[in-house]
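Good morning. Please look at the sequence and the structure on the screen, and keep both in view while I talk.

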Amino acid sequence: MSIEAKVQNIFPLEADVPKTARIAPLEQKEYLVNGRIKAWSGPRHEVLSPVCLKGKKGLARVRLGSYPLMTEKEALEALDAAAAAYDEGRGLWPTLSVEARIAHMEDFVYRMKEKRAEVVNLLMWEIGKSAEDSAKEFDRTVEYIVDTINALKELDRNSSRLSVTQGIMAQIKRAPLGVVLCMGPYNYPLNETFTTLIPAILMGNTVVFKPPKYGVLLHRPLLEAFRDSFPKGVVNTLYGEGRKIIGPLMKSGKVNVLAFIGSSKVADLLKQQHPAPHRLRCVLGLDAKNAGIVLPDADIDLAVGETITGALSFNGQRCTALKILFVHRSVQSEFLEKLVTGIEAIKLGMPWEPKVKITPLPEAEKPPYLAEVIADARKHGAKVINEAGGAANGTFVYPAVIYPVNARMRLWKEEQFGPVIPVVPFNDVKEPLKYVVESNFGQQVSVFGKDPDTIAAMTDTLVNQVSRVNINSQCQRGPDIFPFTGRKDSAEGTLSVSDALRVFSIRALVAAKESDANKKLVRGILRGRKSKFLSTDFIL
Ligand code: G3H
């Protein structure tokens, strides 16, 4: 069957969906606020899967259920619950010992793991991520929580002693910041939401979290775990249209930390709404347009393999995806030929199919958008060079390799966030370097080549442009213990297992002149275990 025919027949009949993957609609009529799962009787948002089924009337997206469309009133209720639980730093949670907070989090992970199958299936149906990758996202998140707990133990152990300098004794630790508003992206609705939510909670902050626009229902099975694992008000959930419910939270001035993964445009809008921006700390993962640079001496098979996974994993919907390729003219024919052949070997299909790589897209506006940027590239002299590249059927778009791309095309600057690979030929390495220097984005880059002098010189230029230079490897966030950040419009703050604990806390110390009276006083506090902060207890 031709690729075009495969695309046109990509969606199954209802009867073709395997029993193990089937899903019943989930009508979510509740939300978590102040330690209670409250009933919601207001309007709800209908959730449609990117997966379509063939029916008598043609293709129809599968209805997955609905979730509450909350209003400003409930949003402020959630915020007030978080603010009351924090109580200006005097609440139960921010004053609890690190060891006790860890025990609550361990309880949460235990309960979370029990919901694995349900969450993974919802994740697959809500955003069209393959079953294998959905399971990986869940497991990576659990591992992230466990690693974060271990990193916090280590951090606490390292500060479990007093230092004495210039006649002053001090104990230096980290203290929470206040109320954190957490919003993750739809491409990693569980993992990226939790990579801010979990460290924020662990450090003693209280949280309001709003799931992304797609990937909402998968959080429902975890509400009871949040309610039963943490004191009331520590975790509160919000559902609805960001425009209506997030603005009032920011304007209230009660949000101390904005943890947001999405577009820089929205991040700017939110930051500006805060009445005292100097009080707002931001942890942001934003836009990116990571370039891949293929040098004349590159191992072409390796570069092609990394390009395919780098540009097309989860259909190119990763902030770290390779979104533009610069290929030296001397190797362009070989590179393009192998790239096209490699793409033809990729499995397309429904997310439950084993080994499937290209699946339907959750954003209804994405297929027409991709068609537009491909048409724009064609207008400016590029061609789609792979068979059926860009062929679309409902929510499904077949990957397109666009060549040769130039600065007049939208694909030069826009973050396509989808299965389109723009390829730019170059003669001199200064050309891709100029692109990276002039770009508004500054997340990562991949360089493919073998010559140590060239790679070293490029590395030294590129590390001041982006935050991670990948040599003969695709761009990626992991391993999660590595710092993940970006320059320019790409990020604010650094996330990793240990960095995240730092961004959601502030250094605080207790200091006293080394007089006999103070020594006696401090000794009394330590021996009597009278303080949770001023304490030399060592977490085992
Ligand atoms: O969407 C951006 C993610 O942080 C990418 O993570 O590189 O592990 O897919 P990843």
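**Salt bridges, cores and domains**

Let me start with one residue, Glu27, which counts as partly exposed because its relative accessibility is 30%. On that scale, buried means under 20% relative accessible area, exposed means over 50%, and partly exposed is in between, with a 1.4 Å probe and protein chains only.

Before going on, a note on the source: this is a predicted model, where local features need pLDDT of at least 70 and side-chain atom pairs count only at pLDDT 80 or more, while totals for chains, interfaces and linings use all residues. Residues are numbered from 1 along each chain as its sequence is written, and side-chain values use heavy atoms, with hydrogens and water left out.

Back to Glu27. Which residue meets Glu27 in a salt bridge at 2.9 Å, N to O? That residue is Arg63. A salt bridge here is a side-chain nitrogen of Lys or Arg within 4 Å of a carboxyl oxygen of Asp or Glu. Arg63 lies in strand E5 (residues 58-68) and Glu27 in strand E1, so the pair ties together parts that are 36 residues apart in sequence. Strands (E, at least two residues) and helices (H or I, at least four) are DSSP runs, numbered from the N terminus. Arg63 is partly exposed, with a relative accessible area of 32%.

Glu27 also forms a salt bridge with Arg44, and there the closest N and O atoms are 3.9 Å apart. Since Arg44 is in strand E4 (residues 44-55) and Glu27 in strand E1 (residues 26-27), this pair ties together parts 17 residues apart in sequence. Arg44 is partly exposed too, at 30% relative accessibility. With Glu46 added, Glu27, Arg44 and Arg63 are linked in a network of salt bridges. Over the whole structure, a search finds 31 salt bridges.

One more of these pairs is Arg111 with Asp228, at 3.8 Å from N to O. It links distant parts of the chain: Arg111 is in helix H4 (residues 98-113), Asp228 is in helix H8 (residues 223-229), and they are 117 residues apart. Arg111 counts as partly exposed at 27% relative accessibility, and Asp228 counts as partly exposed at 37%.

Now the inside. In soluble globular proteins, nonpolar side chains tend to be buried together. The largest nonpolar core here has 135 residues, and those touching the most other members are Phe108, Phe194, Phe226, Leu258, Val294 and Phe335. Such a core is a set of buried Ala, Val, Leu, Ile, Met, Phe, Trp, Tyr and Cys residues joined through side-chain atoms within 4.5 Å. Which helix gives the largest share of this core? Helix H6 (residues 131-158) does, with 9 residues. The core draws at least three residues from each of domain 1 (71-285) and domain 2 (290-486); domain bounds come from an automatic or database domain assignment.

Take Phe226 as an example. Not counting residues up to four places away in sequence, Phe226 touches Leu32, Phe108, Phe194, Leu197, Phe209 and Val235. Contact means heavy atoms within 4.5 Å. Apart from the largest core lies another, of 33 residues, including Leu295, Ile324, Val405 and Phe426.

Next, a sheet. Six strands form an open sheet with mixed pairing, in the order E10-E9-E8-E11-E12-E24. Two strands pair if DSSP finds at least two bridges between them. Strand E10 (235-237) and strand E24 (491-492) are the edge strands, each pairing on one side only. Strand E12 (residues 281-285) runs antiparallel to E24, and 2 bridges join them. Leu284 stands opposite Glu492 in E24.

Two buried residues are also worth finding on the screen. Thr195 lies in helix H7 (residues 191-202) and is buried, with a relative accessible area of 0%. Beyond residues up to four places away in sequence, Thr195 touches Tyr144, Arg477, Leu495 and Ala500. Ala321 is in the loop between helix H11 (300-312) and strand E14 (322-328), and counts as buried at 1% relative accessibility. Ala321 and Arg477 are 156 residues apart in sequence and 9.8 Å apart in space, C-alpha to C-alpha.

Last, the two domains. How far apart are the centres of domain 1 and domain 2, taken over C-alpha atoms? They are 32 Å apart. Across the boundary, 18 residues of domain 1 are in contact with 21 residues of domain 2.
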